Amino acid sequence: MMTCCAIGPAIDAATLFAGDLEPWVTARPDGSRELALIIPGICSPESIPVIEGALERLPGLASARVNFTGKRVVAIWNDPSFKPAGITEKLSQLGFISRPFDPSYSGLKADDAQSSLLLRAVAVSGFAVANIMLLSVSVWSGAEGSTRDLFHWISAGIALPTVAYAGRPFFRSAIRALSSGQFNMDVPISLAVCLAALMSLYETFNHGEVAYFDASVTLLFFLLTGRYLDHLMRARARSSVSQLLSLSASSAMIEDVGGATRIIAATALQPQMKMLVAAGERLAADGVIILGTSEIDRSLLTGETNPEVVARGATVHAGMLNLTGPLSVTVTAAGQDTFLAEIICLMASAEQSRSRYVQIADKLARIYSPAVHILATLTLVGWLIWTGGDWHTSLMTAIAVLIITCPCALGLAVPAVQTVASGVLFRNGVMIKDGAALEKLSDVDSVIFDKTGTLTLGRPRLTNSSSLASSDLALAAGLARLSRHPLSRAVCEAANSRGIAPAAVENIEEQPGNGLSGYFDGRLVRLGSRRWCGLQENGCQGLPEFVLALGETTPAIFTFEDELRPDAPAVIAKLKAEGLRVEILSGDREAPVSRAASSLGIECWQAGVTPQQKLAYVQSLKEAGRKVLMVGDGLNDAPALAAGHTSMAPSSATDIGRTTADTIFMGESLMPLLVARDVAIATQRLSIQNFALAVGYNCLAVPVAMLGLASPLIAAVAMSTSSIIVIANSLRLGLGFSKQKTVVVTKPQPNSPGISIFERRAA
Amino acid sequence: MTILLFLIPAALALGAIGLAAFLWSLRNGQFDDLDGAAHRILVAEDRPKSSTDRNN
């Protein structure tokens, strides 16, 4: 089943990358130039030929290639006069928001390099294992004399370069650990691999009967596989997260003293500068309005759903969205001094308390590594005393102990399960950032939700669409089609879903705080507040509404509600049935919060909570010993997200929310939350089973090896078997969950003239 | 036993060819977009082979 991010085609000039694309253009070795763009909205494979076809028709562009996995497009051109801005423009015409992609951002480049190094090492060691095993079979089946020596020499010829090449990841890490005076798992591994290879070389020189090149290379192969899986899991999580993160390369339009305007980077803004904010733009800095009236959407900052009317003298903050009219703003604070920076500061302090968490695997590794060395040394010394100084046998037994205790199965126990889990979760629309998130998610006992954008979809929806006359809806949509006000967008969406074409309303004007007016068939038509349309206020608290007035006819009333996610009640009921404590902590006003809480059956809720209060509340629960899962999307949730035992954010969350949360879920459904918890619990169970298997195997095999009953070859076979059992056990997770696809598929909305203002949040 | 002189190099060479093919495909970006490649066969229109197809 395909999960689609609920972005939908959105033509939204304000989210287009407004800055200069030139810094992101790179020169290719053949003299042509290339630009990589992230397009978060590529959800369905059908868009691949659409994008490629459209871009390749651009004059001057040589080629465009979509990378569907990475949700990117790489465009290449030779013509020096080609303007890369044409690409983003074309993409926005197609309804895709795009941003320049910088692989060095978020460490993806280093990730890729590391990952391909590991994969190459796996391939090389796999090749070596196959061939050495082939030769070993011949030796065991009775090759003698010069033939056996020949086979040993060929094995040596394959094994030694392989150890030197494929062993590098372990050797480097072991040397790094040793040089800082510490032990890690890689020290015994490096020791075992090198010793086994060198002993075998010594045997080969002296025409010995057995050599253990196969053992040392098999060891490497399995360890590398485990390490690659681990790396894959982390890289996958990180790259999917970075797809969602936008580059914080926002820009601002400023007006110089002389009246000239220019675009500068948001980071270059200084207090006292005069900033011009067009309707539909997000503010890049805190400031005071000096000219203009508009409505401001502050839902990302506070969770407040209703736009607020602002005029000259009002204070506005970075991150707010200017909805209806152009504003001139004197910058009062930029960069480090903004509201945003304050939130980041709060988060940093909350993060510190979380970093003390240690994963099971790490806990075990701390005991395990010294134990292995002690056991191997004991074996060596014991055998030396027992045999009266027989170095050869003693060393062989010690190597067998090192190989058999080699933490392959232990090393695979967690990464293997987590890789399978992250795949299952990814298919269900959940992305986790690291394995620790899964571990923490499994023992959560309280869930705290933010309301706006988390329990709700964060955008108003027309609730009485079916009872409205289609002519009224057509007229309203005609008026609202160019407005960015969330209610206007909801009207257009409703008209679109009923298949009603907007009426041809002319001379449309938008009055911030009041509404829209225009002329239809020569008659004045208004859409907006009751007062604006000449009706009595009726004190319908909290529920936003629009009135449509056309000439003398009876006005039609449009009511809206910030809709709950479709399956939110079911998910909340399930969470409560499982004995979890569920609460709402919202920055919105009391009326909408209490309405949402009562329709979801949540008794415990708080409204009008500031970011500081949210953080304090989560911390107080934590101190009371509760393990809190914080689910939120806004800027105001970010500190609480960081403070929670673990945290989740919808993919429509603010950048900062997505960066902070351990887990991100896609789409309009809240069901991924349940799936994530179930998978996390199953993952935890399987990890513990794997540990039991691995430790059990060691308890059995170590005494055998120490008694000298296992040759290094038998040790290598036993070690491989235990690894395979652990991997097989991990794969059971995929079997258990492949049937449970509970995600609601959200299709991209049909390409409509109406563009939801909130789609920018999904981007 | 002289047959070994042919068989062993042949076995090694076959393995090495496989390894080289894998490393080549890795370097060539064949593994960059596994999901996209899986879908392309279904959604992409047939078009004459162009030199640009390898550029990513």
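**View 1. Meet chain B, the 56-residue partner in this predicted model.**
Of the 56 residues of chain B, 5% count as buried. Chain B holds two helices and zero strands. As in every view that follows, what you see here is a predicted model.

**View 2. Here chain B touches chain A, with 22 residues from chain B and 25 residues from chain A taking part.**
Which helices of chain B supply at least two residues each to the side that touches chain A? They are helix 1 (3-27) and helix 2 (34-43). Helix 1 of chain B gives the largest share of that side, eight residues. Sorted by character, the residues on the side of chain B that touches chain A are eleven nonpolar, six polar and five charged.

**View 3. Six strands of chain A line up in an open sheet.**
Follow the strands across in the order 17-22-21-20-19-18; the pairing is antiparallel. Strand 17 and strand 18 (506-511) of chain A are the edge strands, and each pairs on one side only. From one strand to the next, the twist averages 15°. While you look along the strands, a general point may help: in a regular strand, side chains alternate between the two faces of the sheet.

**View 4. Strand 17 of chain A sits at an edge of the sheet, yet it is largely enclosed.**
Why is strand 17 (residues 456-462) of chain A described as largely enclosed by the rest of the structure? Because six of its seven residues are buried. Strand 17 and strand 22 (residues 556-564) of chain A run antiparallel and are joined by four bridges. At one place along this pair, Thr456(A) stands opposite Leu564(A) of strand 22.

**View 5. Strand 22 of chain A also pairs with strand 21, and a helix lies across both of them.**
Strand 21 (residues 545-550) and strand 22 of chain A pair in the antiparallel sense over four bridges. Look for Val547(A), whose bridge partner in strand 22 is Ile557(A). Helix 16 (residues 486-497) of chain A lies across strand 17, strand 21 and strand 22, and runs at about 65° to strand 17.

**View 6. Nonpolar residues gather into a core of 130 residues, the largest in the model.**
Which residues have the most contacts inside this core? They are Ala196(A), Ile399(A), Val401(A), Ile403(A) and Ile404(A). Helix 22 (residues 671-706) of chain A contributes the largest share of this core, 14 residues. Another core, of 30 residues, lies apart from it, and includes Leu487(A), Val491(A), Ala556(A) and Phe558(A).

**View 7. Lys433(A) lies in a loop of chain A.**
You will find Lys433(A) between strand 15 (430-432) and helix 13 (435-442) of chain A. Is Lys433(A) buried, exposed or partly exposed? Lys433(A) has 19 other C-beta atoms within 10 Å, so it is partly exposed; counting as buried would take 20 or more. Lys433(A) and Ile664(A) are 231 residues apart in sequence and 8.3 Å apart in space, C-alpha to C-alpha.

**View 8. Confidence varies along chain A.**
The mean pLDDT of chain A is 77, and 82% of its residues reach 70 or more. Over residues 1-18 of chain A, the pLDDT is below 50, and this stretch has 71 contacts in the model beyond near neighbours in sequence. Residues 739-763 of chain A also have pLDDT below 50, with 79 contacts beyond near neighbours in sequence. Where pLDDT is low, the predicted coordinates should not be read in detail.

Definitions and conventions. Residues numbered from 1 in each chain as written. Chains lettered and ligands numbered in written order. Predicted model: local features only at pLDDT ≥ 70, side-chain atom pairs only at ≥ 80, totals over all residues. Contact = placed C-beta atoms within 7 Å. Nonpolar A, V, L, I, M, F, W, Y, C, P; charged D, E, K, R; others polar. Buried ≥ 20, exposed ≤ 12 C-beta atoms within 10 Å, placed from the backbone. Pairing = 2+ DSSP bridges. Core = buried A, V, L, I, M, F, W, Y, C linked by C-beta atoms within 7 Å. Axes fitted to C-alpha atoms, helices over the stretch in contact; angles between N-to-C directions. pLDDT = per-residue confidence, 0-100.
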